[in-house]
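Please look through the sequence and the model shown below, and keep both at hand while reading. The paragraphs that follow go from single residues to the way the helices are packed, and then back to single residues.

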Amino acid sequence: MKNRKLRMLAAKSFRKLTPVMTSPKTTPLYSLIVWSSMAGVVVSNIFRCLLYTFPAKISIIRNLKIFKKISIFAETDLSMDVAFLIKEYFKGVESNLSIDVFDSFTLNSVYSNVLNTLTSHFEIETSVLQSLSYCFYEILDNVHIHSGKPLGTAITYFDSENNVLKILIADDGKGVKASLSENAKYKDVDEGEALRLCLEDSVTDGKGMGFGLYATSRLMKEAGLEFVIHSGHHKLIDKNGDISIVSNGFWQGTIVYMEICTNVDVNPNDVVENRTDIEAEFNEPFLESDELNTLW
């Protein structure tokens, strides 16, 4: 699949050349210029494919030092400061930190890969995984629907010794306030108020149901240690149920960060107010049918 994707990207780039290179007006000098230009596109596409396909590990990020505040390629539009995210939210983590860059095409595979990795940790309560299976996808999807940017970043780390799961999803898009302002009902709210509103049921910019972050906030009430939404100049911080909105640095776009206690039992359908049966939905990928049969 990876090789096929690379071939498709390369073929797509070279197909753009066909009308130009077959034109009778094309001169050797012009051909050389076009080929040189397109070579850069091909390299960029191949890099983008590798970036999407392989989950980066923290050691790679530190060694290559390519995720600083610069944009790797203009075409990838990746200017997110991943080094800042790691320093700010994953202090002291030296290994087993998974970093995935995703777009609308790779969102499902990143979601599946992260969940598959988490289900391999038997220490994590099944009910927590069931609840997270819904909330994690909703937050990933928010990047695609609301950010106005093609790429997002997901960072995950499981601390098995302390039974704590850390998950961060970030984009460098328009941010919560600008997104909600697209709905006339919320066009005059300030940045801090927008963060508070986005956790309420049915609050949306009009492009979704406004339920994903609301359900996530319900999960965090049951199993959360810390819940942070950072957008623009403000952060909403929910620490053990104590909620505050503070002015703290600037982030272009939105960061959603969760610290989840993984050895508690929650009711997944209560998290989503029984609007969907996520217990049943999660059991199918969690256990193969023959494994389910052996349990019963």
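In this predicted model, P268 has a relative accessible area of 2% and is therefore buried, since buried means under 20%. P268 belongs to helix α11, which covers residues 268-271. Leaving out residues up to four places away in sequence, P268 touches S127, Q130, S131, I278 and E279. Its C-alpha atom is separated by 10.0 Å from that of E222, and these two residues are 46 apart along the chain.

Beyond helix α11, in the loop that leads to α12 (278-286), lies E273. The phi of E273 is near 55°, which is a positive value in a residue other than glycine. With a relative accessible area of 30%, E273 is partly exposed, because this class lies between the limits of 20% and 50%.

It helps at this point to step back to the chain as a whole. The chain has 13 helices and 6 strands, and of its 296 residues 47% count as buried. If one takes the contacts between residues at least 6 apart in sequence, 65% of them join residues that are at least 24 apart.

Which residues have the most contacts inside the largest nonpolar core? This core has 49 residues, and the ones with the most contacts inside it are F102, L132, F136, L140, I169, M258 and I260. Helix α7, which runs over residues 126-146, gives the most to this core, with 9 residues. Another core, which lies apart from it, has 18 residues, including I86, F90, Y157 and Y257. Returning to L132, and leaving aside its neighbours within four places in sequence, one finds it in contact with L118, Y137, L165, I167, L219 and I260.

Helix α7 is also a partner in two helix packings. In one of them, α7 packs with helix α6 (residues 107-119) at an angle of about 155°, and the two axes are 10 Å apart. Angles over 145 degrees count as roughly antiparallel, so α6 and α7 are roughly antiparallel to each other. The crossing in which α6 passes α7 is right-handed. On the side of α6, the contact is made by L107, N108, Y111, V114, L115, L118 and T119, while α7 brings L129, L132, S133, F136, Y137, L140, D141 and H144. Sorted by class, the residues in this contact of α6 with α7 are 10 nonpolar, 4 polar and 1 charged.

In the other packing, α7 meets helix α10, which spans residues 212-223, and here the axes come within 9 Å and cross at roughly 140°. This crossing of α7 and α10 is left-handed. The residues that meet are S131, L132, Y134, C135, E138, I139 and N142 in α7, and G212, L213, A215, T216 and L219 in α10. By class, the contact of α7 with α10 has 7 nonpolar, 4 polar and 1 charged residues.

Within helix α10 one also finds S217. Is S217 buried or exposed? Its relative accessibility is 9%, so S217 counts as buried. Not counting residues up to four places away in sequence, S217 touches L199 and F227.

The strands offer two further residues to examine. T156 has its place in strand β3, which covers residues 152-159, and it is buried, with a relative accessible area of 9%. Apart from residues up to four places away in sequence, T156 touches N96, L97, S98, V114, K166 and I167. One of these, N96, is found in the loop between α5 (82-89) and β2 (98-102). N96 is exposed, with a relative accessible area of 64%, and has a positive phi of about 60° although it is not a glycine.

The other strand residue is N248, which lies in strand β6 (residues 242-261) and is partly exposed, with a relative accessible area of 35%. When its neighbours within four places in sequence are left aside, N248 is in contact with H230, H233 and K235. N248 and H233 are 15 residues apart in sequence, and their C-alpha atoms are 6.0 Å apart in space.

Methods. Residues are numbered from 1 along each chain as its sequence is written. This is a predicted model: local features need pLDDT of at least 70, side-chain atom pairs count only at pLDDT 80 or more; totals for chains, interfaces and linings use all residues. Side-chain values use heavy atoms; hydrogens and water are left out. Helices (H or I, at least four residues) and strands (E, at least two) are DSSP runs, numbered from the N terminus. Buried means under 20% relative accessible area, exposed over 50%, partly exposed in between (1.4 Å probe, protein chains only). Contact means heavy atoms within 4.5 Å. A nonpolar core is a set of buried Ala, Val, Leu, Ile, Met, Phe, Trp, Tyr and Cys residues joined through side-chain atoms within 4.5 Å. Axes are lines fitted to C-alpha atoms, for helices over the stretch in contact, and angles run from 0 to 180 degrees between N-to-C directions. Angles under 35 degrees count as roughly parallel, over 145 as roughly antiparallel, 65 to 115 as roughly perpendicular and the rest as oblique. A crossing is left-handed if the near helix is turned anticlockwise from the far one by less than a right angle, and right-handed if clockwise. Ala, Val, Leu, Ile, Met, Phe, Trp, Tyr, Cys and Pro count as nonpolar, Asp, Glu, Lys and Arg as charged, and the others, Gly among them, as polar.
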